[in-house]
Amino acid sequence: MACSIVPSSLFFFHKLTNSRYGTRTFVAMQDDCGAASATTTEQYKMKIPHVLTVAGSDSGAGAGIQADLKACAARGVYCSTVITAVTAQNTAGVQGVNIVPEDFVAAQLKSVLSDMQVDVVKTGMLPSTDLVKVLLQSLSEFPVRALVVDPVMVSTSGDVLAGPSTITGLRENLLPMADIVTPNVKEASALLGGMQVVTVADMCSAAKLLHNLGPRTVLVKGGDLPDSSDAVDIFFDGEDFHELRSSRVNTRNTHGTGCTLASCIAAELAKGSPMLSAVKVAKCFVETALDYSKDIVIGSGPQGPFDHLLRLKRTNKKWGRSITDAVKAALEGGATIIQLREKDADTRGFLEAAKACLQICCVHGVPLLINDRIDIALACDADGVHLGQSDMPARTARALLGPDKIIGVSCKTPEEAHQAWIDGANYIGCGGVYPTNTKANNLTVGLDGLKTVCLASKLPVVAIGGIGISNASDVMKIGVSNLKGVAVVSALFDRECILPESKKLHAVLMDAVQRVK
Ligand SMILES: Nc1ncnc2c1ncn2[C@@H]1O[C@H](COP(=O)(O)OP(=O)(O)OP(=O)(O)O)[C@@H](O)[C@H]1O
Ligand SMILES: Cc1ncc(CO)c(N)n1
Ligand SMILES: [Mg+2]
């Protein structure tokens, strides 16, 4: 069975009628990779989020410009590049640095900024104070929405990438303009005149002192914190500290984590995320990529690169289970609708998986929806389809499927919701409510966007995107009567044990629904 098929589960508290089960309330759960996704063609026509990275080239391609390009690609964001230096680098260290003349950096900046609509600028290696000034001059001419400053100074191998003379430029000129600055512990120490930064408490003090230099927010990264079994980063927004903690992946392949993190933050900001959400998504992406790449071998030096494009290859091998086992566990936990989405499986494999899942769904009296593929839904006699804005129009799908099948449509706006109603959809999927790693290029609509769509429609709505046990009740609490449930993917299917997670989510939602009543 093809393993690139992703189930999603809906917890849906609404009466839907269909030929197999009649009218009944489904407590549904939608596994997400599949279901309701949502960047519309129209949005693509209007604008693709765009990050410009101003950084050095790493010939080994683990860090620098190359990491930035891969990170943005993995997050579904366009990335343009202004190269400040060319380094000869591999897994053993830095063998040479060739700095690009300032006037040619200025020329690159002008070419990109004057022509392309850049949303966010991310900086990495800036090898001179004059270069910082060139950058700031360009940004005053062509302002952008946000500036992410990764104050690259020394590589993990100990080689100097930007000498002490640049510290003044960073401190005095660049940091005051930054929306976020992301030093590692050594860089935080250097920016603060050699202050000791070796504990989490030191990181908090450093974050506060760095904030005094003018950036809107600070993230002190603890990847290199001595004696820490966790990877701890400290985020400070001028008022509150947030300790962001993940387990430390045991691997040599950590070259470029800092560049990747900063680029992911920039990518999420370009999509419209608030700063703290952007940082959390970025940290989660780095951790997932490190974990996926922990055993790959590239180069013979002490620090290898990791694989940013894991999503193109990731299969359910991560959790070592079949799609039918995953669906079964979700249903036993209380999911009320299953949706299947084919990522890059062949049609025959997808059909086989759909048939197998349908059998399990029938045992539980739960509908199976197929994402996008009307032909697969017809071929296996699934209970319906879920359609994105760039899939077949719901009206055409209805004509093909007949009146009894369930049709869900992903909508981000009142206009799309209205069209779904006219076209004969049974429900709307609305999201991404929160930033999500499941769909890299999905725009976040937030709780406000969700509410707007709910209020604009008569159809029942299921909320999608970054929803899990911790925030499902917040979503249901928005207090709109046609919000009938949530759809989840990662919260169940990217967990080691699906059944307990599904039970917990079901309990949280039952509780939330009782309260709303
Ligand atoms: N082994 C690891 N497991 C999990 N997360 C890690 C690990 N190493 C680093 N990180 C995370 O990666 C991000 C980058 O932190 P780090 O301190 O490594 O930056 P950096 O030193 O600037 O990286 P580099 O210079 O190698 O690009 C942080 O969020 C950190 O917590
Ligand atoms: C070009 C470049 N930028 C940044 C880093 C930091 O990891 C590196 N090693 N090389
Ligand atoms: Mg770094």
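Okay, let's start in a loop: A61 sits between β4 (50–58) and α2 (64–74). Keep in mind that this is a predicted model. What caught my eye is the phi of A61, which is near 65 degrees, a positive value in a residue other than glycine. Is A61 buried or exposed, or something in between? It's partly exposed, with 18 other C-beta atoms within 10 Å.

There's another residue like that. D372 also has a positive phi without being glycine, near 70 degrees here. You'll find D372 in the loop between β14 (368–371) and α13. D372 counts as buried, because it has 21 C-beta neighbours inside 10 Å, and the cut-off for buried is 20 or more.

While we're on backbone oddities, have a look at G431 and G432. The peptide bond joining them is cis, with omega near -5 degrees. G432 belongs to the loop between β17 (427–431) and α16 (446–455).

Now let's zoom out. The protein chain has 517 residues, and 53% of them count as buried. It contains 19 helices and 19 strands. If you take the contacts with a separation of 6 or more, 70% come from residues 24 or more positions apart.

So what's inside? The largest nonpolar core has 74 residues, and V51, V220, I265, A266 and A282 touch the most other members. Take V51: leaving out residues up to four places away in sequence, its contacts include C72, V77, C79, V120 and A266, but also D119, K122 and S263. There's a second, separate core too, with 71 residues, among them A345, A354, V453 and M476. As background, nonpolar side chains in soluble globular proteins tend to be buried together.

One helix I'd like you to look at is α14, residues 394–401. Which of its residues are buried? A394, A397 and L401 are. Looking down the helix axis, those buried residues fall within an arc of 60 degrees, so they line one face of α14. They pack against two helices, α13 (374–380) and α15 (414–422), and two strands, β15 (384–387) and β16 (406–410). Right after α14 comes G402, with a positive phi near 85 degrees.

Last stop, ligand 1. It has 23 residues around it, and N184, G223, A231, T257 and G258 come nearest. Which elements each supply at least two residues of that shell? Among them are β11 (230–236), α8 (257–271) and α9 (275–292). By class, the shell has ten polar, seven nonpolar and six charged residues.

How values were computed:
Residues are numbered from 1 along each chain as its sequence is written. Chains are lettered from A and ligands numbered from 1 in the order in which they are written. This is a predicted model: local features need pLDDT of at least 70, side-chain atom pairs count only at pLDDT 80 or more; totals for chains, interfaces and linings use all residues. A nonpolar core is a set of buried Ala, Val, Leu, Ile, Met, Phe, Trp, Tyr and Cys residues joined through C-beta atoms within 7 Å. A residue is buried if 20 or more other C-beta atoms lie within 10 Å of its own, exposed if 12 or fewer, and partly exposed in between; C-beta atoms are placed from the backbone. Two residues are in contact if their C-beta atoms, placed from the backbone, lie within 7 Å. A residue is near a molecule or strand if its C-beta atom, placed from the backbone, lies within 6 Å of it. Helices (H or I, at least four residues) and strands (E, at least two) are DSSP runs, numbered from the N terminus. Ala, Val, Leu, Ile, Met, Phe, Trp, Tyr, Cys and Pro count as nonpolar, Asp, Glu, Lys and Arg as charged, and the others, Gly among them, as polar. The arc is that of the directions from the helix axis to the C-beta atoms.
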